[in-house]
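Here's a short set of exercises to work through with the model open. Try each one yourself before reading the solution.

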Amino acid sequence: MRTDRDGGRKIRLLMQGKKADTFERIQRALDEDMFEWTEEFNFGTVWTRPGLDFETRILIAITSLAVQGGPIRNYLHGGIQAGIDPKRIHETLVMLTPYAGFSVAMDALQVWGDVVRSERRRGNVVDCPVKDIDLEYKKPT
């Protein structure tokens, strides 16, 4: 199996943006091997394969995680920080509606709204249809 460890690290740092060091410390504290697998296999083998560009891969990852009810918040922040057009991210989440269901799309869009507002509070320009309101989404458990 082909692995690009250095490429995987670069992609992980790009994906995790400003919180890369924090995520690494947390994951290593939970399980050292899991961190190594994440960087080596996930980012160093899968994400570095030829055939898809970075933007396509991140949109697929966001979509897949949203459908699974997974942790999309970090990927959404990573997408913005990596320069993915926020309108493309927004429309990707809207496209979940007919294929994954209205509730999946709404959950993902509500998390997206929190991410957009958070980025804007930090002074970043995020051009997409999300309105600025004083509300944070808490997914029902």
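**Exercise 1.** Which residues do ring pairs link into a cluster?

Solution. Keep in mind that this is a predicted model. Start by searching the whole structure for aromatic pairs: you get 2. Take F43 and W47: their ring centres sit 5.5 Å apart with the planes at 50°, so call this pair tilted, since that label covers angles that are neither under 30 degrees nor over 60. Next, W47 and F54 also make a tilted pair, at 5.8 Å centre to centre and 50° between the planes. Put the pairs together and the cluster is F43, W47 and F54.

**Exercise 2.** Sort W47 and F54: buried or partly exposed?

Solution. The cut-off for buried is under 20% relative accessible area. W47 comes in at 9%, so it's buried. F54 has 22%, so it counts as partly exposed. As for F43, that one is buried, like W47.

**Exercise 3.** Check the span of helix α3 against what you'd expect at 1.5 Å a residue.

Solution. Helix α3 covers residues 32–46, which is 15 residues, so the expected span is 21 Å. The end C-alpha atoms are 20 Å apart, which agrees. Along the way, α3 bends by about 25° at T38.

**Exercise 4.** What caps the N-terminal end of α3, and which helices do its buried residues pack against?

Solution. Begin at the N-terminal end: D31 is the cap, with a side-chain oxygen 3.0 Å from the backbone nitrogen of D33. Then list the buried residues of α3: F35, E36, T38, E39, F43, G44 and T45. Those pack against α1 (5–16), α2 (20–30) and α5 (73–81).

Methods: Residues are numbered from 1 along each chain as its sequence is written. This is a predicted model: local features need pLDDT of at least 70, side-chain atom pairs count only at pLDDT 80 or more; totals for chains, interfaces and linings use all residues. Side-chain values use heavy atoms; hydrogens and water are left out. Helices (H or I, at least four residues) and strands (E, at least two) are DSSP runs, numbered from the N terminus. The expected span of a helix is 1.5 Å times one less than its number of residues. The bend at a residue is the angle between axes fitted to the seven residues ending there and the seven starting there. Buried means under 20% relative accessible area, exposed over 50%, partly exposed in between (1.4 Å probe, protein chains only). Contact means heavy atoms within 4.5 Å. A polar contact is a pair of N or O atoms within 3.5 Å; within protein, one must be able to donate a hydrogen and the other to accept it, and residues adjacent in sequence count only if both atoms are side-chain atoms. Rings of Phe, Tyr and Trp (its six-membered ring) pair if their centres lie within 6.5 Å; planes under 30 degrees apart count as stacked, over 60 as edge-to-face and the rest as tilted.
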